[in-house]
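Please open the structure in your viewer and keep the selection tool at hand, as this tour moves from one selection to the next.

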Amino acid sequence: MNSKSIPPNQQLVRRDCWPVVGERSPGNLDLPWTITVCGQVRAERRVDLDDLAVMPQTTRCIDVHCVTRWSKLQMEFEGVRFAELVADANGQPLWNPQARFVSFVARSERSHRTSLPLDELLDLDPLIALKADGERLPVEHGGPVRMVVPGKYFYKSIKWLERIEFLSDDRLGYWESDAGYHNGADPWKEQRYIAASLSKQDAARLIRDRDFSGRDLLSLEARGLDLENLHADNSLLRNADLRNANLRRAEFRGANLSNAHLQSADLRDANLRGADLEGADFSAADLRGADLRDASLFGVSFGVVNADGTLSQAALIDATTKFTATSLDALTPEQRDWLHLQSATLC
């Protein structure tokens, strides 16, 4: 449940749970792994995994906050400090005076990358991590080597690090340019998304036709609208505002509703099977008859957690609401106990 020790609208996952987000493996895993420091530098530097292993290792407990509203506190990461990797043998910085930003590039099918201002990076003191909680990083979590940047949403901690490039001008990364994530990524300021992804005119037409199937509708504004029998299979409705909307019998199979605002929505008999519901808020929503089998539920909210741990503005759930037992593994013990009391059906 929520805690004062986590940023706004985040929810703790179980201590033994680390959700996998994004791609699960890098490209060309069998090739030798090197990290190249390049761009606005006095001299390029290349290090392999053996080089990293013999450098001074730092162990640090870092809070992980995912943009999809789940948090995992005090994860133990071990690796090399960024500042030490980008310094020469005398401890002098490798970068030129023109360098103002740093881009981190992954070995992945889509060449994922992200960037941060150099001054901010030095203040945050990130790690180039080789281990998590005492074990080598699993491949699906960025192994053999990833960035871990404290104080930012975790998309700034790129998996499968292969290149560190110093830049004079900023260059947006994959999640920022293609997915609309905020370039600042400050979880305490809730810097999740930049802006909506379509014009008001296009949004009005899609709402009129009640067909969102396969469309990318980041931050869609549809609060209080009558969208009964909506077709939205495989749509991208991240951060959509669907509060108080009539979504009875809506089809959301395979849709991405991460961080969607569904408070007080009528979702009776809606099909949410296989949907990405990470971070979605169902407070006071009517979920009777809804199908949530195989949905991803990390960070989801079914109501407002009070200081005493009780739930107010709870979603309406009964024996006709369908879940898959494996999906419930993403929930907190308190949420699972609450769903059991509502007699939700496990399939």
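Helices, a term needed for the first stop, are DSSP runs of H or I with at least four residues, numbered from the N terminus. Keep in mind throughout that this is a predicted model.

Begin with the largest pocket by selecting Val21, Gly22, Glu23, Trp175 and Tyr181, which, among the 35 residues of its lining, lie nearest its centre. About 710 Å³ of space lies in this pocket. Which helix gives the most to its lining? Select residues 174–178, and you have helix H4, which gives the most with three residues. If you colour the whole lining by residue class, you should find 17 nonpolar, seven polar and 11 charged residues.

Next, move to the second largest pocket, whose volume is about 290 Å³, and select its lining: Leu49, Ala53, Gln57, Glu78, Leu130, Lys131, Arg136, Leu137, Gly143 and Pro144. Adding helix H1 (49–54) and strand S8 (127–132) to the view is helpful here, since each supplies at least two residues of that lining. By class, the lining of the second largest pocket divides into five nonpolar, two polar and three charged residues.

Finally, turn to an open sheet of three strands, in which the order is S12-S15-S16 and the pairing is parallel. Select strand S12 (291–292) and strand S16 (345–346) to see the edge strands, each of which pairs on one side only. Then add strand S15 (residues 322–323), which runs parallel to S12 and is joined to it by two bridges. To look at one bridge partner within S15, select Leu292 together with Phe323, its partner in that strand.

How values were computed
Residues are numbered from 1 along each chain as its sequence is written. This is a predicted model: local features need pLDDT of at least 70, side-chain atom pairs count only at pLDDT 80 or more; totals for chains, interfaces and linings use all residues. Side-chain values use heavy atoms; hydrogens and water are left out. On a 1 Å grid over the protein atoms alone, a cavity is a set of points where a 1.4 Å probe fits but cannot get out, and a pocket is an open set with protein on both sides within 12 Å along at least five of seven lines; lining residues have an atom within 4 Å of a point. Grid points are joined across faces, edges and corners, and a volume is the space filled by probe spheres set on the points. Ala, Val, Leu, Ile, Met, Phe, Trp, Tyr, Cys and Pro count as nonpolar, Asp, Glu, Lys and Arg as charged, and the others, Gly among them, as polar. Two strands pair if DSSP finds at least two bridges between them.
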